Every structure is written in C-alpha cells, then in structure tokens.
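Work through the exercises below with the sequence and the model in view. Each task is followed by a solution in steps.

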Amino acid sequence: MIFINKKSKTKIKKDSPKIVITGGLGFIFSHVTEYFVKKGWNVVVIDNLSEGSHPEIIDGSFVHYITHTADPEVIKNIINENPDYVIHSAAISDVDYSIREPFRTLKKNIMGNLNVFEACRQLKNLKKFIYVSTDEVYGECEHKKKEDEIIFPKNPYSCSKAVGSLMRIAFDNTYPELKNKTAETRFCNVFGPRQDTRKIMPLIKHSIETGSSIPLHNEGKGYREYIYVKNIPPAVDLILEKGDRTYNVTLNDGLTVHELIARAEKVTGKKINTHATNRPGMDMKYQMDASRIKDELGWKPIYSFEEGLKEYLCEK
C-alpha cells in the first residue's frame, strides 16, 4: 500500500463530513470526488490506478490510498479513516474483459465488495454506505425494471455486481451496525469526459474527430438508456442525505446504437463510419423505471440527454 496526498490544499472546516470513495479516480466517480472536494468535505479516495483511472485529478485536495479493494488491507484503511460516509464504486467494469477473464473479474470484484462491507460494519460513526451497481444486473429488460424486481445477470461482470447487490441486503438485514444505513445505485449508461475510449460514446467522439470507423455490435440493435456524467454527483449526494435501499438512476433516454449514431451525426453535422462486429453474451435491451428516486427523493437532473450530448461531442 502506498499512501499519498496526506496534506490537503483545500480549506476544510473541522466539522466537515468525511467520505471514503473507492474507485474515486475512475471515469464516473472522479467527478464525484471533485464534487465533494468542492463542497469542502474531507475526501479519501481508494483507487489502485488501474486502467481507466484518472491520476491527473490528483492535486492534493484529497487523501489517496493506492490499494486494490480486493486486498484485505483495505479494511484497515477504511476503519482507520473512520468516515461518516462510504461509496463503493471500485470494480473491474469492462464486460468484454469479464468474458475473457471471468475468474479474475469475479474474484476481484466479489472480494472487493466483501472487504468494503466488512469495513463498513465496523465503523462506529457511519451514517450511510452506498454500493454502486448497474442496470446490467437486471439482464434482458422486456419492460422498464423496478428496483424490487428479480435480478438476472447474464455476463460475468454483471454477475459480480449482482453479488454485491445481494450482499448489501444481507449485511443491512443481518448486522445492526448497518441496519437502514445502506443504499444502492443502478445507473444506466453514463457518458461524458474521462470515459474509457473503448465505450460507445468515446468511440463516436473519436470517429467524429478523426473519421475512423467504429464497431457496430450485433447490427447496432442494442438498446441502452444514457445519462450525462455531470448528473451523477448531485444524485449521489441526494442519496447520501436521505436515501435508502436501491435506486435506478436514468432519464429514460433510450436509443439503439443505430439511433444514437444518427443523433450524434445530427448534433455534430459529421458522418460516423461503422463496421459490423458480434459481441457474445450481449443483452439487447436495458431499461429501468426511475420513478422512485424522482418521487421519493425529488431528484431532478441538471442536464437533459440532448444538452449532455451536445456538450460532450461539441466542446473541446
């Protein structure tokens, strides 16, 4: 374990909350890290700087442990920090990699989940723990899935995330220390700055900028819902403040890949080249019902899909 950035440049009040974010240098949660730093919170990031991490945001404004959550040492790290809040987002999240390397994906993700849950149940001052899951735990979605419907993961990555979903229920139910202190997020496809270049939105952006061809999996019929990454930090903050159990987070802006490419071409006025490929184990449709977070917590997104798409594709 390497420990860096002990001294913060950010002025923090003595009574400011402390939050631990695993995977806090990744695409989505690097934005969450910056959000809570700007709020003046004491932020601790646990991130092993694996592929997809963004060390460029390290600026002394938060504490950083270079530790893999599957390493038992992470339990001690979290307990020693004694945070008020914990968000566990760290995971091997590449579906294609999980198909090639199911043993490593399941081992690392499940052990990471277990270590963080174990640490959280030993925290005396814990107010809320959020486990970050995915819409993929539902499997093929014939209709907009609600949070209490059966989960049916169909690839190794989503299987590992579903284990964490079940683990959250088990720990919340079994251990008084965590009773009513846990929550779970299931995001639809998030896009925006810092996203891994193998994902569809960065591929589209790269094609627009260079004219390169992008792979069109399964004839471009795959249907996904999309949300701009800058909508995520306020949603997470809201759940930390007053959420419990599971929340689907989506704007229900669903498109096939064919439709997404057409929308991107319309926004940018550029032609996007494609070539046909096949993706094994691919679910063709994910869709969720987000009425719970909207109705119970009053969540309202900052960016519409169109606004996020335009900002992401058109701004340098």
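## Exercise 1: Aromatic pairs

Phe117 is buried, with a relative accessible area of 0%. The model is a predicted one.

**Task.** Describe the ring pairs that Phe117 forms with Phe129 and with Tyr131.

**Solution.**

Step 1. Start with the partner Phe129. The rings of Phe117 and Phe129 lie 4.8 Å apart centre to centre, with 85 degrees between the planes. An angle over 60 degrees counts as edge-to-face, and the pair is classed as edge-to-face.

Step 2. Place the two residues. Phe117 belongs to helix H4 (residues 102-120) and Phe129 to strand E6 (residues 128-134), so their pair ties together parts 12 residues apart in sequence. Phe129 counts as buried, at 0% relative accessibility.

Step 3. Turn to Tyr131. The pair of Phe117 and Tyr131 is tilted, at 6.1 Å centre to centre and 45 degrees between the planes. This pair links helix H4, which holds Phe117, to strand E6, which holds Tyr131, across 14 residues. Tyr131 is buried as well, with 0% relative accessibility.

Step 4. Set these pairs in the whole structure. The count of aromatic pairs comes to 13. Ring pairs also link Phe191, Tyr226, Tyr228, Tyr303, Phe305 and Tyr312 into a cluster.

## Exercise 2: Helix H10 and its salt bridges

**Task.** Which residues of helix H10 (residues 305-314) are buried, and which elements are included in what covers them? Then examine the salt bridges of Glu311 and Glu306.

**Solution.**

Step 1. List the buried residues of H10: Phe305, Gly308, Leu309, Glu311, Tyr312 and Leu313. Two of these names, Phe305 and Tyr312, also appear in the ring cluster.

Step 2. Find the cover. The elements over the buried residues of H10 include strands E8 (189-191), E10 (223-228) and E12 (254-256), along with helices H6 (200-210) and H8 (257-268).

Step 3. Take Glu311. Its salt bridge is with Lys230, and the closest N and O atoms are 2.7 Å apart. Glu311 sits in helix H10 and Lys230 in the loop between E10 and H7, so the bridge ties together parts 81 residues apart in sequence. Glu311 counts as buried at 15% relative accessibility, while Lys230, at 33%, counts as partly exposed.

Step 4. Take Glu306. A salt bridge joins Glu306 to Arg263, with 2.4 Å between the closest N and O atoms. Arg263 is in helix H8 and Glu306 in helix H10, so this pair ties together parts 43 residues apart in sequence. Both count as partly exposed: Arg263 at 27% relative accessibility and Glu306 at 35%.

Step 5. Note a network elsewhere. Glu51, Asp94, Asp196 and Arg198 are joined into one network by salt bridges that share partners.

## Exercise 3: Helix H7

**Task.** Is Asp237 of helix H7 buried or exposed, and with which residue does the side chain of Asp237 meet in a salt bridge?

**Solution.**

Step 1. Look at the helix. In H7, 8 of the 11 residues are buried, so the helix is largely enclosed by the rest of the structure. They are Ile232, Pro233, Ala235, Val236, Asp237, Leu238, Ile239 and Leu240.

Step 2. Check Asp237. Buried means under 20% relative accessible area, and Asp237 has 12%, so Asp237 is buried.

Step 3. Find the partner. The side chain of Asp237 meets that of Lys39 in a salt bridge of 2.9 Å, N to O. Lys39 lies in the loop between helix H1 (27-38) and strand E3 (42-46), and Asp237 in helix H7 (residues 232-242), so the bridge ties together parts 198 residues apart in sequence. Lys39 is partly exposed, with a relative accessible area of 41%.

Step 4. Count over the whole structure: the search finds 18 salt bridges.

## Exercise 4: The second largest pocket

**Task.** How much space lies in the second largest pocket, and which elements give two or more residues to its lining?

**Solution.**

Step 1. The space in the second largest pocket is about 330 Å³.

Step 2. The lining has 18 residues, and the closest to the pocket centre are Glu147, Asp148, Glu149, Arg186 and Thr246.

Step 3. The elements that give two or more residues to the lining are helix H5 (156-174), strand E7 (182-187), strand E11 (245-249) and helix H9 (291-297). H5 gives the largest share, 4 residues.

Step 4. By class, the lining holds 11 charged, 4 nonpolar and 3 polar residues.

Definitions and conventions
Residues are numbered from 1 along each chain as its sequence is written. This is a predicted model: local features need pLDDT of at least 70, side-chain atom pairs count only at pLDDT 80 or more; totals for chains, interfaces and linings use all residues. Side-chain values use heavy atoms; hydrogens and water are left out. Buried means under 20% relative accessible area, exposed over 50%, partly exposed in between (1.4 Å probe, protein chains only). Contact means heavy atoms within 4.5 Å. On a 1 Å grid over the protein atoms alone, a cavity is a set of points where a 1.4 Å probe fits but cannot get out, and a pocket is an open set with protein on both sides within 12 Å along at least five of seven lines; lining residues have an atom within 4 Å of a point. Grid points are joined across faces, edges and corners, and a volume is the space filled by probe spheres set on the points. Ala, Val, Leu, Ile, Met, Phe, Trp, Tyr, Cys and Pro count as nonpolar, Asp, Glu, Lys and Arg as charged, and the others, Gly among them, as polar. A salt bridge is a side-chain nitrogen of Lys or Arg within 4 Å of a carboxyl oxygen of Asp or Glu. Rings of Phe, Tyr and Trp (its six-membered ring) pair if their centres lie within 6.5 Å; planes under 30 degrees apart count as stacked, over 60 as edge-to-face and the rest as tilted.
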